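Work through the three exercises below with the sequence and the structure at hand, and try each one before reading its solution.

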Amino acid sequence: HSGYVNRDDIVSDFETRGLPPPAAIIRGDSLSYEVRQRARDTIGGGPFDVVVCDPPYGIREAFQDDGNEDAISPLTQLMYAMGKDRSNGNPLLVRGGRLVSFIPVR
């Protein structure tokens with residue numbers, strides 16, 4: 001294995017690393033209830049132990065650089081959405097679950 005991720009065929013990348021394939025690869029805006037529900041449906045409708053997200057780069061920084069203290073970053077919006085899902089009895093994470101986000105460092 002070359003050590004590089006095969007972005008054109010993610011499932012084959014799991015195979016070349018000797019890992020079991022994922023149940024699904026969910027691509028979409030996690031702020032969308034439909035995307036979060038599609039993810040839950042993939043594992044039988046329940047919550048996840050861990051959610052890994054990779055927010056679009058440049059958006060988080062724009063919220064910090066524009067000087068608008070009232071602006072809410074996409075990651076914060078996701079946490080609000082997840083809280084609303086939990087309040088409505090449809091949590092995305094189990095209690096004690098982890099939200100992992102890749103955030104660039106300047």
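**Exercise 1.** In this predicted model, find which residues V51 touches when those up to four places away in sequence are not counted, and then place V51 in a nonpolar core.

*Solution.* Start with the contacts of V51, which touches L92, L93, R98, L99 and V100 once residues up to four places away in sequence are left out. Next, look at the largest nonpolar core, whose eight residues are A39, F48, V51, C53, L78, M82, L92 and L93. Strand 1 and helix 4 each supply at least two residues of this core, and strand 1, with three residues, gives the most to this core.

**Exercise 2.** Decide whether D85 counts as buried or exposed, and list its contacts beyond four places in sequence.

*Solution.* First locate D85, which is found in helix 4. Its relative accessibility is 4%, and because buried means under 20%, D85 counts as buried. Then, leaving aside neighbours within four places in sequence, D85 is in contact with Y33, R36, R40, N90 and P91.

**Exercise 3.** Describe the lining of the largest pocket, and say which element gives the most to this lining.

*Solution.* Begin with the largest pocket itself, which has a volume of about 1300 Å³ and is lined by 36 residues, with I26, R27, V52, C53 and D54 lying nearest its centre. The elements that give two or more residues to the lining are helix 1 (10-16), helix 2 (33-42), strand 1 (48-53) and helix 4 (74-87), and strand 1 gives the most, with five residues. Finally, sort the lining by residue type, which yields 26 nonpolar, three polar and seven charged residues.

Technical notes:
Residues numbered from 1 in each chain as written. Predicted model: local features only at pLDDT ≥ 70, side-chain atom pairs only at ≥ 80, totals over all residues. Heavy atoms only, no water. 1 Å grid on protein atoms, 1.4 Å probe; cavity = no way out; pocket = protein on both sides within 12 Å on 5 of 7 lines; lining within 4 Å. Points joined across faces, edges and corners; volume = space filled by probe spheres on them. Helix = DSSP H or I, 4+ residues; strand = E, 2+ residues; numbered from the N terminus. Nonpolar A, V, L, I, M, F, W, Y, C, P; charged D, E, K, R; others polar. Buried < 20%, exposed > 50% of the residue type's maximum accessible area, 1.4 Å probe, protein only. Contact = heavy atoms within 4.5 Å. Core = buried A, V, L, I, M, F, W, Y, C linked by side-chain atoms within 4.5 Å.
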